[in-house]
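Please look through the following structure step by step, with the sequence beside it. The paragraphs below it lead from one region to another.

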Amino acid sequence: MSKKVTIVGAGESGTGAALLAKAKGYEVFVSDSGAIKSNYKAELLENQIQFEEGKHSLDKLLQAKLVVKSPGIPDKAEVVQKARERNIEIIDEIEFAFRFLNGRIIAITGTNGKTTTTLLTYHLMKSAGLSVALAGNVGESLARKVIANVFDWFVIEISSYQIDGTITFRPDVAILLNITPDHLDRYEYQFQNYVNSKFSLLKNTTLDDYFIYHADDTVVMSEVRKRNIKAKQLEVSLRDASASAYAIGSIMHFKMGDVKIEIDQKDTSLKGPHNLINTMAAVTAAHLSGVSFKYIKEGLKNFKNAPHRLESIAKIRGVEFINDSKATNVDAVIYALGSFDSPLIWIAGGVDKGNDYNLLKDQVVEKVKSLICLGKENEKLKKYFEPLLPSVSETQSVRELVRMALKNAAEGDVVLLSPACASFDLFKNYMDRGDQFREAVLELKQENENSLAL
């Protein structure tokens, strides 16, 4: 009789786990309490994997000896509790994939900056010719990537939820960028529980492994000092010249063994102090994987970040339009504002999540010449910033928005969409907001080019 496994959740994580389990000879049953997306349902049908949607049939799914759950399903969920009562092993997809993985792992976590650092690390390794896969919380699931098992390296973005579901998972290189309060509803509203989750990434590391971390982050440094970390520690810093990688102004300095090298951020495609940290972490990891600094320098020049993260869309009449729709909280906007020295037309608004705009006050007063509010309910934003700025206006039309922004801007200014708010009042999600903004900017650019041609 074949081994039985139940997969709970049928998104990218759950479907990837189901496909891997099938490939490894398991009898697989997939259960999702919601509707399964058509593309995932088609994969399950094609691979003759049993599934149900819109419910959890406990009698059937608890017949397995192993339950693999998607990271979004909390431990307090009934299906998890029932499995525990029967002493059924419960793990997450990352842990399941790791048990079949051949190759080495770079795992990247942190409250902010994970995706950029993960994509850049992967890009530097891939463009240098390494056999490397991108997986985890960005791109495809790790389980899906492990099925073929043909990669020497796996670069994984890993969230606290995913770390929580691991038991034996061990990265060869672990990166921790920062820790600020987030997802506290999942951690009993105890910040230390969230911190412990992030540091659990290191629980199985050994003297042969590496731990790259942001030495300027007070929470991270406090925890490093009091924990017994076995992995070799490599610090990245914006002020400590004794760190393995540090920056003075825009110049990044790297000390890797006997190799010392400098790289100017101006010779990379990323902007801002936060991206100095992301870049130094990614470069350090890529060099540890065997990429020479020659290839690293080349890769830094042609890297393209994921959409909606300080994405430069176009210049119109000397005014640059930037899409940072992913910035749905104040912390992310602080990073964005700090990335520019030019005068800013700032676009913000949406569903406020209890933002403290005091944290933005100094940078906004220093850099922003005009605020345009985009959202259904802008009163909190307007009330706070109207006394501080010469111009505050509002709209609910993205097409009108870009025209207002260009009218308020002068040559050399930057129009920055960095909302500090969720998008669900006017848009499906932050991606839809960013896509509509990009489309409107490109339409405006074409109109201006056409008028010049007349």
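In this predicted model, a convenient place to begin is the hairpin formed by β12 and β13, where two residues lie between the strands and G249 takes a positive phi near 65°. The strands of this hairpin, β12 and β13 (residues 251–256), pair in the antiparallel sense over four bridges, and within that pairing A247 stands opposite M252 in β13. Strand β12 (residues 245–248) also pairs with strand β11 (residues 232–237), here in the parallel sense and over two bridges, with V236 standing opposite A245 in β12.

From the hairpin the reader can turn to an open sheet of five strands, which has the order β3-β2-β1-β4-β5 and parallel pairing. Its edge strands are β3 (50–53) and β5 (89–92), each of which pairs on one side only, and from one strand to the next the twist averages 20°. Starting from the β3 edge, four bridges join β3 to strand β2 (residues 27–32), the two running parallel, and S31 is found opposite E52 in β3.

Further into this sheet, β1 and β4 run parallel and are joined by four bridges, with T6 standing opposite V67 in β4. How do the residues of β4 point? L66 and V68 point one way from the strand, whereas V67 and K69 point the other way, and all of them are buried. This arrangement can be read beside a general rule: in a regular strand the side chains alternate between the two faces of the sheet.

On its way to the edge of the sheet, β4 pairs with β5 in the parallel sense over four bridges, and L66 is placed opposite E89 in β5. Between these two strands the chain crosses from β4 through α4 to β5, and this β-α-β crossover is right-handed. The helix of that crossover, α4 (residues 78–85), lies across β1 (4–8), β4 (66–69) and β5, and runs at about 140° to β5.

A residue from another helix offers a closer view of packing. R144 lies in helix α7 (residues 142–146), and is this arginine buried or exposed? With a relative accessibility of 17%, R144 counts as buried, because the cut-off for a buried residue is under 20%. Leaving aside residues up to four places away in sequence, R144 touches E12, T15, G16, L19, Y40 and E43.

The nonpolar interior comes next. The largest nonpolar core has 52 residues, of which V28, F96, L142, F199 and F211 touch the most other members, and helix α1 (residues 12–23) gives the most to this core, with five residues. For F211, the partners beyond four places in sequence are A174, L176, F199, L202, V224, I229, A231, K232, Q233 and L234. Apart from the largest core lies another core, of 40 residues, with I106, L177, L234 and I263 among them. As a general background to such groupings, in soluble globular proteins nonpolar side chains tend to be buried together.

Farther along the chain, helix α11 (residues 273–288) has 16 residues and reaches 23 Å from its first C-alpha to its last, which is close to the 22 Å expected at 1.5 Å a residue. This helix is mostly covered, with 14 of its 16 residues buried, and just after α11 the residue G290 takes a positive phi of about 110°.

The path ends at an open sheet of six strands, arranged in the order β15-β16-β20-β17-β18-β19 with mixed pairing. What stands at the edges of this sheet? The edge positions belong to β15 (311–316) and β19 (392–395), each with a single partner strand, so one side of each is left without a neighbour in the sheet. On average, and with direction ignored, neighbouring strands of this sheet are turned by 20° against each other.

Within the six-stranded sheet, strand β17 (residues 344–348) and strand β18 (residues 368–374) pair in the parallel sense over five bridges, and I345 stands opposite S370 in β18. Helix α16 (residues 398–408) lies across β15, β16 (319–323), β17, β18, β19 and β20 (414–417), and runs at about 170° to β18.

How values were computed: Residues are numbered from 1 along each chain as its sequence is written. This is a predicted model: local features need pLDDT of at least 70, side-chain atom pairs count only at pLDDT 80 or more; totals for chains, interfaces and linings use all residues. Side-chain values use heavy atoms; hydrogens and water are left out. Two strands pair if DSSP finds at least two bridges between them. Axes are lines fitted to C-alpha atoms, for helices over the stretch in contact, and angles run from 0 to 180 degrees between N-to-C directions. Contact means heavy atoms within 4.5 Å. Buried means under 20% relative accessible area, exposed over 50%, partly exposed in between (1.4 Å probe, protein chains only). A crossover is right-handed if, with the strands pointing away from the viewer, the path from the first strand over the helix to the second runs clockwise. A nonpolar core is a set of buried Ala, Val, Leu, Ile, Met, Phe, Trp, Tyr and Cys residues joined through side-chain atoms within 4.5 Å. The expected span of a helix is 1.5 Å times one less than its number of residues.
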